[in-house]
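Subject: Structure handover

Hello,

Here is the structure I promised to pass on. My notes on it follow below.

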Amino acid sequence: MLDLIVRGARFRAADGLRTADIGIAAGRIATIATSLAPSGTQVPVLEAGGGLVVPGFVETHVHLDKTCILDRVAIREGTLDEAIRETAQAKRGFTAEDVFARGRRTLEKSISHGVTRMRTHVEVDPGIGLQGFAGVQRLARDYAWAIDLQLCVFPQEGLINNPGTHALLVQALRDGAGVIGAAPYADSDPRGQIDRIFEIAREFDVDIDMHLDLAETTDGMQAEYVCHRTEEFGWGGRVTIGHVTQASLLAPDEFASLATRLAGAGVGVTILPATDLYLMGRAPTRAKPRGVVPAAPLLAHGVNCTISTNNVLNPFTPYGDASPIRMANLYANVCHAAGDAALGDCMAMITDRAARQLRVAVYGITEGAPADLILLDATDPAGAIAELAQPLWGLKAGHMTFRRERAVLLPP
Ligand SMILES: [Zn+2]
């Protein structure tokens, strides 16, 4: 017995694009066939009308706890140091209620842009304690009808240099955080922080997602060291590094060697174009580097990559609508991705590849997968990225979570 039929869905199958009906039962895709909805069917029908249906977008890297704080900070330099400093200052006024109220503004935008799964980083330190964590935990509970929210706790203001932070990270992991993060560049002892994070990950058997190598020169890169630790701890496939803007400054042979190393160690890369474009390239007065690490040569070497939103409306990124398709388009534009294959990769980096990086067990438009589906105003993945196709409706576990109307022209 089906609960819902999505009629006329165009989607990517193993052998290319096909159009079929998707039958949903008990929150999962039960069957896919050419025609599931004969006239007179008693099962509710949701029309896709030949439009592109993709599995719900997966955001691998967002900061809901520090979103929407532009009215509380002063941005003069637009640098990483200033962003950390200003946010730390604003954070002193955060409460769990406040984090919830701001976080929901961005989370609701995410949901309306087709996101059905998100890893959100949450800052934990003696200043904020576990209040940010509590606020985001409430978001996870209250919005479970639309999105799976995974919490990654991390020490934005340092770990080795910030006594009390370690105990709070451990407490958050005991209280349900699913992933441990890091920001070694914000620590007096970056490698000390990396070592400590790997030890915590092993103790709690959780994946690792580090902010890494976010700077404007190639000095002091830690990616190789993280690969080394990943192999020592046997954590291949469970480690992600985000930003890695320094890699964008490497010579091609050095870049290829790093890509080989990452692929071999099983370390994935998250590309955060909005933040990297905004924070990097501040020092040069001309010929400014873009600071966005190119995915194509990483993918070619076998590194799994994702594209994600990161920050919205704060000193790290004073923009944002929490739209993965916009972020993929921004990445494509900056990194010269064009044509069906390269733009298809961009779509994969906000869907299949992102789900793989979060180690989602069953994902995609396939029988048995959760019925987390969105209809895009497009007919193929490359076109959707190129034209910033808007999501027209979304399903979470077979239930509709949002709807967007197409614009209608009104001639005189
Ligand atoms: Zn981040």
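Helices (H or I, at least four residues) and strands (E, at least two) are DSSP runs, numbered from the N terminus. This is a predicted model: local features need pLDDT of at least 70, side-chain atom pairs count only at pLDDT 80 or more, and totals for chains, interfaces and linings use all residues. Residues are numbered from 1 along each chain as its sequence is written, and side-chain values use heavy atoms, with hydrogens and water left out.

**Two loop residues**

Val 244 sits in the loop between strand 11 (239-243) and helix 7 (252-265). Its phi is positive, about 50 degrees, although Val 244 is not a glycine. Most residues other than glycine have a negative phi. Val 244 is buried, because its relative accessible area is 2% (buried means under 20%, exposed over 50%, partly exposed in between, with a 1.4 Å probe and protein chains only).

Asp 213 is another case. Its place is the loop between strand 10 (207-212) and helix 6 (223-233). Asp 213 is not a glycine, yet its phi is positive, near 50 degrees. It has 3% relative accessibility, so Asp 213 counts as buried.

**The zinc site**

Which residues hold the zinc ion as protein donors? They are His 61 (NE2), His 63 (NE2), His 211 (NE2) and Asn 310 (OD1), lying 2.0 to 2.4 Å from the ion. Donors here are N, O and S atoms within 2.8 Å of the metal (3.2 Å for Na, K and Ca); water is not among the atoms, so sites may look incomplete.

The angles among the 4 donor atoms run from 85 to 176 degrees, and the site is irregular. For that label, four donors are tetrahedral if all angles lie between 85 and 135 degrees; four are square planar and six octahedral if opposite donors are over 155 degrees apart and all others between 65 and 115; anything else is irregular.

In sequence, the donor residues follow the spacing H-x1-H-x147-H-x98-N. His 61 and Asn 310 link distant parts of the chain, 249 residues apart. His 61 is in strand 6 (residues 57-62), and Asn 310 is in the loop between strand 13 (305-307) and helix 10 (324-334). Both His 61 and Asn 310 are buried.

**The sheet**

There is an open sheet of 8 strands. The order is 6-7-8-9-10-11-12-13, with parallel pairing (two strands pair if DSSP finds at least two bridges between them). Strand 6 and strand 13 are at the edges, each with a single partner strand, so one side of each has no neighbour in the sheet. On average, neighbouring strands are turned by 25 degrees against each other, direction ignored. Axes are lines fitted to C-alpha atoms, for helices over the stretch in contact, and angles run from 0 to 180 degrees between N-to-C directions.

Strand 12 (residues 267-271) pairs with strand 13 in the parallel sense, over 3 bridges. Thr 270 stands opposite Thr 306 in strand 13. Helix 6 packs on the sheet and touches strand 10, strand 11 and strand 12. Its direction makes about 170 degrees with that of strand 11. Contact means heavy atoms within 4.5 Å.

**Aromatic pairs**

Rings of Phe, Tyr and Trp (its six-membered ring) pair if their centres lie within 6.5 Å; planes under 30 degrees apart count as stacked, over 60 as edge-to-face and the rest as tilted. By this rule there are 3 aromatic pairs. One of them is Phe 198 with Phe 233, a tilted pair at 5.2 Å centre to centre and 40 degrees between the planes. Phe 198 lies in helix 5 (residues 190-204) and Phe 233 in helix 6, so the pair ties together parts 35 residues apart in sequence. Both residues, Phe 198 and Phe 233, are buried.

Tyr 278 and Tyr 319 form an edge-to-face pair, 5.6 Å centre to centre, with 85 degrees between the planes. Is Tyr 319 buried or partly exposed? At 45% relative accessibility, Tyr 319 counts as partly exposed. Tyr 278 is buried, with a relative accessible area of 12%.

**Helix 10 and the residue before it**

In helix 10, 8 of the 11 residues are buried, so the helix is largely enclosed by the rest of the structure. Ser 323 is found in the loop between strand 13 and helix 10. Leaving aside neighbours within four places in sequence, Ser 323 is in contact with His 113 and Thr 309.

Best wishes
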